Amino acid sequence: MPELPAHNHAPFALSIAGVTKRFGPLVANDAISLDLRRGEILALLGENGAGKTTLMSVLFGHYLADEGAIFVADGEGSLAPLPPGSPKAALAAGIGMVHQHFTLADNLSVLDNITLGTESLWQFWKNDRTAMARLKELQRTSGLHVDLDARVGRLSVGERQRVEILKALYRGARILILDEPTAVLTPQESDALFATLKRLTATGLSVIFISHKLNEVLAVADRVAVLRGGRKVAEIDAKSANRALLAETMVGTAVQPSVRRAHEPGATIIELKDVRAPDPRGRQALESASFAIRAGEILGIAGVAGNGQSALAALVCGLVAPTEGSVSIQGETVSRFSPRDLMQSGIGRIPEDRHHDGVVGTMKLWENLALEDIRSSECQQAGLLRRGALKDRARAAIKTFDVRGGGPETEARLLSGGNMQKVILARVLDREPRVILANQPTRGLDVGAVSFVHQRLLDARAKGAAILLMSEDLDELLALSDRVGVMYRGTLSTIRPAGEMTVRRLGLLMAGQNADLGDAA
Amino acid sequence: MIRLEPRQEYSWLMAVAAPVVAAVVALALAAIPLLVAGAPLGKSYAAMFGGALGSQFALAETLTRTTPLILTGLAVAVAFRARLWNIGAEGQLYAGALAAVVLGSGAIDAPSWILVPTLLLAGATAGALLMAIPTALKLRFSVDEVVTSLLLNFVVLLFVSMMLEGPLKDPMSLGWPQSESIVDAGTLPALIARTRVHAGLIIALAMAVIMQVIMSRTVWGFEIRAVGSNPSAARFAGMSTTTVMLRVGLVSGALAGLAGVGEVAGLKGYLTHDLSPGFGYSGIVVAMLAGLHPLGVVASAFFVAAVFVGADSMSRAVGVPSYIANLTVAVALLAVLVGGVLTRYRIRLQKPGARIV
């Protein structure tokens, strides 16, 4: 890999000096100082809530720091203070940011998206030819290839990310901030991104790479700064770091790996045969899926977002009905597809988007815990809520599932993502369902909450539940699953034992390539 | 630069204080048009308060006005809770009144204890069926219920006019478009002697209590709240949003229909096409001022009624138009919306170039 000679002595591109940001009593950033050199990739590692995003928002001018200052190198390389609280000033100083959720207009071309906002409002004609020439040159030096005339709506996620990076470079970014850039990419696309970043830093660009994935940080960064609870707890040379060290620094304690015991699975619980189904928006998205899950078995499904997983999940949730094929649970064919029917046949569902489908934010925890079985005799009598019993039940669930940040009377919206997920787990697992659908069960959770969720799923497996696990985190998928399959263009691949799979092979299958076990690297 | 920062938790006290402050602010701001009109402020406000609350007669008038406002306010509040935007309470009120007049002006010969409940039931049913139309259109074809329920108001009003000019016209009315009177057995009794306050007030208050119990203590209310604040999570959890919405539409229309029965059977005795001075529309203000809480609706209906009654007597005393009441109520609504923002957010003032060291 190309590396700037002696980059440790390269001049500073950015210096963050003692930045503190408070939100009421919460100190989101506590006197953080950080230097970034020219041509360096600095990884900012930390759990959710560690202060990564706040720090970057201060840097980009979205927040005003309570204390501290930021200095950015100008064109000549001398550090000048950055006017605080002004995204405009940050842009002018050469700071470019690529957000996790892209800020592109789907109905415009790549070129228009990139030039959008850079031209004067008073200008009548767009100067596309000059822009085109500059962009071609940028593409040549950076290797960020994407058709400039294509409409953004038709691009893949990886291509859109390239457009975002091009956009930042076009505006003269000398410092590029990437917020969780690989969350939406296949492993191969991630590797391509890393290669691009190396190439860009060789030309003098500096990169701040925000992540909580340890492997990536080790693969791409020169230096790693670890944030925990708003403080910078460590700054480590990536060459001398390893996974265990980073994980421990990030969490603050040694992380216990989840216990997964081998055992022989039981009888088939749920079986899908040649199922075709639309997604909730009505588009035919699931072309063909067949699988059977036995008691005490976890089947993992991988795939790049948009390859039919959401339709498969919606089907198992009861949100859509299959157009062809059959679903049977414990030998009985499911004939009616509604959330209530499928819950009654014994499926517990952990939804992909917990804010959207999982909880009602303005309702209290005891109410959210009763959301799915409010009509059962345990919850009501002649239409009247058994409030006392429900609150007692909530109190018990909050204790068993270690929900922090509130009691039965707390509104769900006030909980952190991890605790919200625990509420959903409590609701689903308390009834000991025979089948569990876990769709992105750990997305956006910190390491502590992730291992809690993993352990609960493994406990349910040990008790004989059949679990369908969908996850974008391939390490998680391989660690938990007994068998794995990949969704590509609506079709579920042949299912293989997890032990025969690697992240790399999964990645090839996710990209639609044949990953025959024989010739895989 | 002004920034709004969300408050982590807003207190119960603030939720109650905000509409009260909004009401006071609205009354205070009424001083501006009064000054412009050249009216003496002291005398105007005195006439307003005196006219609304100053005597037994004044209070009785205010309570008479409060009665339909509670019911239309409840109709709007329950619908808005489920995000069903019922702007048609006015039409549903007329539908209820029409049903009461059709059955109550001699068609049924029955004792009071049968006829009164029959009329109430008929009016509620008429209102419910009317609101079922926009609700069904919304659920089946995704037609915006704001438009359909609003436009139905005009359809119903014209239909009422047609009936009053035709089959329902009272032959003894000397040509006026009005219906025959409700028979004595169908009339809601007066509550206080020599005033116009009638038993409809008791019905309205009972409905407020019943709605409060339904919303907070029953499975129905639970489902309405869940569907209203996060429909996709409610659907995911196995609730039928269609059933819940339809139920809400029927309940909402029925409440507004009851308001119409009260006005004809308790107050006017017969139906005219100017039965309601916009009680259905004012119900929206009442519900919003109450923060969509059924018991709060009682208080805010009383406030809105007092403003209207007070403005009438102020207009007689100092010669300003009584439209000042509409203005005050509108400002109160704006103030409570602003107040709602302030209870949920905290305002932070920042100098644009504030230096940090």
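A salt bridge is here a side-chain nitrogen of Lys or Arg within 4 Å of a carboxyl oxygen of Asp or Glu. With that cut-off in hand, and bearing in mind that this is a predicted model, begin the tour at the boundary between the chains by selecting B:Glu223 and A:Arg375, which form such a bridge with their closest N and O atoms 2.7 Å apart.

**The interface of chains A and B**

Across this interface the rule finds two salt bridges, together with 14 residue pairs in polar contact, both members of each pair being at pLDDT 80 or more. On the chain A side, the elements that give two or more residues are β4 (67-73), α10 (339-344), α11 (354-358) and β18 (384-385), and if you select α11(A) you have the one with the largest share, four residues. Coloring the chain A side by residue class will show 18 nonpolar, eight polar and 10 charged residues. Now widen the selection to both chains: 36 residues of chain A are in contact with 28 residues of chain B. The size of an interface is often given as the accessible area lost when the parts come together, and for chain A and chain B this amounts to about 2,800 Å², 57% of it on carbon and sulfur atoms.

**The hairpin of β1 and β2**

Turn next to chain A alone and select residues 12-23 and 26-37, the strands β1(A) and β2(A), which pair in the antiparallel sense over eight bridges. To find the register, pick A:Arg22 and look across to β2(A), where its bridge partner is A:Val27. Two residues lie between the strands of this hairpin, and A:Gly24 takes a positive phi there, near 55 degrees.

**Strand β3 and its partners**

Select residues 41-45 of chain A, the strand β3(A), in which five of the five residues are buried. In a regular strand the side chains alternate between the two faces of the sheet. Viewed in this way, β3(A) is covered on both faces, with A:Ile41, A:Ala43 and A:Leu45 buried on one side and A:Leu42 and A:Leu44 buried on the other. Add residues 206-211 to display β8(A), which pairs with β3(A) in the parallel sense over five bridges, A:Leu42 having A:Ile208 as its bridge partner. Then add residues 223-228, the strand β9(A), whose pairing with β3(A) is also parallel and extends over four bridges; here A:Leu44 stands opposite A:Ala225.

**Helix α1**

Moving along the chain, select residues 52-59, the helix α1(A), which is largely enclosed by the rest of the structure, because seven of its eight residues are buried. Among these buried residues are A:Lys52, A:Leu55 and A:Met56. After the helix comes A:Gly61, whose phi is positive, near 90 degrees.

**Two buried residues to finish**

Which residues does A:Thr249 touch, beyond those up to four places away in sequence? Select this residue in helix α8(A), residues 243-251, and show its surroundings: A:Val226, A:Arg228, A:Val233, A:Ala234 and A:Ile236 are the residues that it touches. A:Thr249 is buried, with a relative accessible area of 15%.

The last stop is A:Ala173, in the loop between α5 (157-170) and β7 (175-179) of chain A, where it is buried with a relative accessible area of 10%. Leaving aside neighbours within four places in sequence, A:Ala173 is in contact with A:Gly94, A:Ile95, A:Gly96, A:Ala168 and A:Leu205. For a distance across the chain, draw a line from A:Ala173 to A:Cys379: these residues are 206 apart in sequence and 58 Å apart in space, C-alpha to C-alpha.

Methods:
Residues are numbered from 1 along each chain as its sequence is written. Chains are lettered from A and ligands numbered from 1 in the order in which they are written. This is a predicted model: local features need pLDDT of at least 70, side-chain atom pairs count only at pLDDT 80 or more; totals for chains, interfaces and linings use all residues. Side-chain values use heavy atoms; hydrogens and water are left out. Contact means heavy atoms within 4.5 Å. Buried area is the accessible area (1.4 Å probe) that two parts lose on being put together, summed over both. A polar contact is a pair of N or O atoms within 3.5 Å; within protein, one must be able to donate a hydrogen and the other to accept it, and residues adjacent in sequence count only if both atoms are side-chain atoms. Ala, Val, Leu, Ile, Met, Phe, Trp, Tyr, Cys and Pro count as nonpolar, Asp, Glu, Lys and Arg as charged, and the others, Gly among them, as polar. Two strands pair if DSSP finds at least two bridges between them. Buried means under 20% relative accessible area, exposed over 50%, partly exposed in between (1.4 Å probe, protein chains only).
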